Amino acid sequence: MLRYFQIDRERLYPLEPAAGGGLPQGVVWIDLVEPSQEEERQLGEALGIDVPTRDEVSALQTSSRLSASNGVLYMSAIVAHGRDMEPLHTLPVTFVRSGPLLITIRYGLPEAIDRFVARAQAGEWPLRDADGILAALLEVMIDRIADRLEFIGEDLKRIEGAIFHGRTTVTEGRHQPVLSRRIHVLQDAIERIGIHHRTSFGLRECLHSLERLVAFRRIHGVDHPRTAQFNAIEGDLKAIADYDQDLNNSMDFMVNATVGLIDVQQNKVIYLLSIVGMVITPPVVVASIYGMNFDHMPELHWRWGYAWALGLMLLSAGVPWLVFRLKRWL
């Protein structure tokens, strides 16, 4: 599908395709959404440029995502899409700057582009040319990354509360048995941090690709009116990348702390089991002695033998327990 847009009074307006496969009058932005091979061929012939195909876009390596040929700039970036609670998805989006035109080629539906179209049609940006559209598109994509990182940051605060402040659960509505509640909470925290770490890694790839794209466009737009705007976008990208790095450092610390706390909890269980074993061992010895069935046992027919054995077992269990309490081992 090909979508055509023009700028009128600093707003974005859609255009109907021209008859015969030509370009509509006044078009500034052409958006190719999962185009067919025939649409790619027609657009390439109409503009006199090479339009990257699906295979070419997918096969682009980092070193070949940015290139210039005969005054035409080919710039590809990795764009994030998906809701905050959903797994992160990324896809390559290619931007082509040719004369007064901006061409975007995408084989997916990142919500950032549709969000930009809606806001640009409402007049939120004073659009004047193709570079203005490119800059605004990049800003929306960067805002989407920032929103996703802010969501991760807020969730990490909740996870931190569960780890270090002894909250019962990480996620609302989840209940574990009392005996193993703390360990389950810590295990849940590690799982959530792992999901966020994977998302953060994908967002970092998007940030790096956008940083390279903005730097490339700035270098190839010396003394361009939009140079200051691209410089500001580049600064925003660096600030967001620093925030992403801070989140990763926080996640690394929380994972290490959580693993340590799980070890402490498990050691507590082993410690308590050891104490219980020491307490019940003497009564077991007493019961074993008086449970023997030899014919010549002095207490075998003793009237008070049963009470004596029970009392001796209680005493042998109570003495170790009292010693442990006095030494503050319990």
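Student: Two strands count as paired if DSSP finds at least two bridges between them. In what sense do β3 and β7 run, and how many bridges join them?

Tutor: Strand β3 (residues 29-33) and strand β7 run parallel, joined by five bridges. This is a predicted model, in which local features need pLDDT of at least 70 and side-chain atom pairs count only at pLDDT 80 or more, whereas totals for chains, interfaces and linings use all residues. Residues are numbered from 1 along each chain as its sequence is written, and side-chain values use heavy atoms, leaving out hydrogens and water.

Student: How are the strands and helices assigned?

Tutor: They are DSSP runs numbered from the N terminus: helices are H or I with at least four residues, and strands are E with at least two.

Student: Which residue of β7 is the bridge partner of V33?

Tutor: The partner of V33 is R106.

Student: With what sense do β6 and β7 pair, and over how many bridges?

Tutor: β6 and β7 pair in the antiparallel sense, over six bridges. S98 stands opposite L101, and R97 stands opposite L102. The two strands form a hairpin with two residues between them, where G99 takes a positive phi near 60°.

Student: And on the β5 side, how many bridges are there to β6?

Tutor: β5 and β6 pair over nine bridges, in the antiparallel sense. I78 of that pairing stands opposite P92 in β6.

Student: Is β7 mostly covered or mostly open?

Tutor: Strand β7 (residues 101-106) is mostly covered, with six of its six residues buried. Buried means under 20% relative accessible area, exposed means over 50%, and partly exposed lies in between (1.4 Å probe, protein chains only). L101, I103 and I105 point one way from β7, while L102, T104 and R106 point the other way.

Student: Why is β6 described as largely enclosed?

Tutor: β6 is largely enclosed by the rest of the structure because seven of its 10 residues are buried.

Student: Changing topic: how many salt bridges does the model have?

Tutor: The count comes to 12 salt bridges, where a salt bridge is a side-chain nitrogen of Lys or Arg within 4 Å of a carboxyl oxygen of Asp or Glu.

Student: What does D31 pair with on β1?

Tutor: D31 forms a salt bridge with R3, and the closest N and O atoms are 2.8 Å apart. The pair links distant parts of the chain, from D31 in strand β3 to R3 in strand β1, 28 residues apart. D31 counts as buried because its relative accessibility is 0%.

Student: How far apart, N to O, are R106 and D31 in their salt bridge?

Tutor: The side chains of R106 and D31 meet at 2.7 Å, N to O. R106 lies in β7 and D31 in β3, so this pair ties together parts that are 75 residues apart in sequence.

Student: Which other salt bridge does R106 make with an Asp, and is that partner buried or exposed?

Tutor: R106 also meets D114 in a salt bridge, at 4.0 Å from N to O. R106 counts as buried because its relative accessibility is 1%, but D114 is partly exposed, with a relative accessible area of 37%. Through shared partners, salt bridges join R3, D31, R106 and D114 into one network.

Student: Now the interior. Which residues touch the most other members of the largest nonpolar core?

Tutor: A nonpolar core is a set of buried Ala, Val, Leu, Ile, Met, Phe, Trp, Tyr and Cys residues joined through side-chain atoms within 4.5 Å. The largest core has 59 residues, and L12, W29, F95, F116, L127, I133 and L138 touch the most other members. The elements giving two or more residues to this core include β1 (2-8), β5 (72-81), β6 (89-98) and α4 (130-164). α4 gives the most, with 17 residues.

Student: What does F95 touch?

Tutor: With contact meaning heavy atoms within 4.5 Å, F95 touches residues including L73, Y74, I103, L134, M141 and L213, not counting residues up to four places away in sequence.

Student: How many residues are in the other core?

Tutor: The other core, lying apart from this one, has 17 residues, among them L15, V27, L47 and V72.
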